[in-house]
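I sat down today to look up a few surface and charge features, and I kept notes as I went. Here is the structure I had open.

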Amino acid sequence: MFSAFRRAAVSSLRQAQRLCARTEPRMSWGRMQLCSSASVTCRLLEDCLEISDAGTPVLFDYVWLRDHCRSASSYNSATHQRSLDTGSIELTVRPESSAVEGDQLVLTWPGGHVSRYSLSWLAEHSYEGRMKAAEQPRVLWNADVYQNASLSPAKWDKFMSCDDELKKFLQNYLLYGIAFVDDVPTTVEATEEVTRRVSLIRETTYGRMWSFTSDFSRGDTAYSQLALDRHTDTSYFQEPCGIQVFHCLRHEGTGGRTLLVDGFHAAEKLRQRSPESFELMCRVPVRHEYIESTDSHRNHMVGIGPVLSVHPWNNELYMIRYNNYDRSVINSIPHDAVRRWYVAHRELTAELRRPENELWVKLTPGKVIFIDNWRVLHGREAFSGLRQLCGCYLTRDDVLSTARCFGLQA
């Protein structure tokens with residue numbers, strides 16, 4: 001089982017690396033399929049358990065094994081919560097005996113307590129397993145890749161009444177970082193209704209649901225007719241908003257197309273071409289700041305984090321925080337590293353600005369777009385005339401929770 005698992009992991013990783021060099025759609029590192037095997041053996045070492053399949057060992061710490069016991073006295077299967085007090089486990093604990101019975105590992109601890117673990121569960125949750133599994137599979141895209149995918153938008157009536165339509169919408173959103181719902185009534189109330197079908201609304205300093213025109217009513221260039229370069233929103237929050245929702249209720253003029261860029265696609269290109277620059281973008285924390293002082297609004301928000309964030313166990317990207325408008329003073333790195341940061345940032349910016357990576361969409365009344373603000377950058381071209389948009393931010397955790405309840409990997 002474990003050797004098969006590792007072979008599949010290596011094969012998947014190599015395939016992902018090959019595909020990453022091309023501009024066709026690819027899935028990020030996939031979660032491995034696991035199975036049990038009669039050839040699995042186990043051995044009690046001094047401080048850990050060794051499980052082998054055809055000579056390939058995987059090691060499990062004894063305290064970890066006791067802490068993850070799923071017996072009725074250690075784990076509440078009804079609430080999916082641990083009952084065992086981790087602080088009561090002896091740090092020198094060691095099983096008295098071990099055995100593989102069918103597809104289970106059976107351990108007997110001092111005092112007679114018995115723990116049973118599914119072999120496939122152990123393989124999936126081993127450190128080796130998590131290193132080679134994606135937390136969230138994705139299709140990285142440029143404009144051609146996305147357009148050739150020919151993804152159909154959800155339709156308002158079916159979306160609001162059919163769970164299968166919602167599940168399909170969520171799958172597209174998870175894979176591509178954007179998804180659309182068409183034929184939505186052109187009101188703020190209907191926009192709120194369609195967003196609440198997906199997740200809870202995250203109230204911010206901009207309110208719960210917002211509706212605005214180019215009246216400069218807030219201290220932000222979004223409230224103007226000016227073009228906006230690609231960026232992620234709320235980079236000045238310690239936890240940037242997870243999902244951005246836009247609905248153009250009315251536009252009596254020209255221009256105003258929406259620009260979308262897959263930040264993860266650009267970041268992976270940077271990782272291939274300049275690993276040192278990619279690592280610098282992941283390592284250096286950068287301050288972003290929003291200062292607003294008007295007659296009706298006073299805010300001073302600061303968020304600090306690297307431009308790129310990765311999971312430390314598998315180096316999988318999970319967030320890009322890119323906003324040249326709101327980036328504040330860079331004073332978190334020494335002088336001799338500042339220029340290297342600017343070089344790395346320039347390389348990432350060049351990838352983000354490649355014309356082939358730009359997807360331009362005209363938001364028309366009735367079309368609502370959901371954007372993964374931790375992945376997809378958005379912008380707009382300048383426009384003329386009256387243009388009224390409404391929208392909101394959604395809580396990322398609840399979107400992912402909804403997806404998982406449908407059995408999707410998120």
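My entries below cover a surface patch and then some salt bridges.

**Entry 1, the patch.** I was working with a predicted model. I looked for a nonpolar surface patch and found one of about 300 Å², made by Tyr127, Met131 and Trp313. I then checked where Trp313 sits: it is in the loop between strand 18 (308-310) and strand 19 (317-320). Trp313 counts as partly exposed, because its relative accessibility is 33%.

**Entry 2, salt bridges.** Next I turned to charges. Opposite charges on side chains can pair when the charged atoms come close. My count came to 22 salt bridges.

**Entry 3, Arg43 and Glu50.** I found these two side chains joined in a salt bridge, 3.2 Å from N to O. Which partner is buried and which is partly exposed? Glu50 is buried, at 14% relative accessible area, whereas Arg43 is partly exposed at 46%.

**Entry 4, Asp163 and Arg197.** This salt bridge has its closest N and O atoms 3.0 Å apart. It links distant parts of the chain, 34 residues apart: Asp163 belongs to helix 7 (residues 163-176), and Arg197 to the loop between helix 8 (188-196) and strand 11 (201-202). I noted Asp163 as partly exposed at 42%, and Arg197 as partly exposed at 21%.

**Entry 5, Glu279 and Arg283.** Here I read 3.0 Å between the closest N and O atoms of the salt bridge. The two residues are four apart in helix 10 (residues 275-283), so about one helical turn separates them. Glu279 is partly exposed at 39%, and Arg283 is partly exposed at 48%. Last, I jotted down a network in which salt bridges with shared partners join Lys155, Asp182, Asp183 and Lys367.

Terms used
Residues numbered from 1 in each chain as written. Predicted model: local features only at pLDDT ≥ 70, side-chain atom pairs only at ≥ 80, totals over all residues. Heavy atoms only, no water. Patch = residues over 30% accessible without salt bridge, like charges linked within 9 Å, V, L, I, M, F, W, Y side chains within 5 Å. Areas by Shrake-Rupley, 256 points an atom, 1.4 Å probe, with all protein chains shown as cover. Buried < 20%, exposed > 50% of the residue type's maximum accessible area, 1.4 Å probe, protein only.
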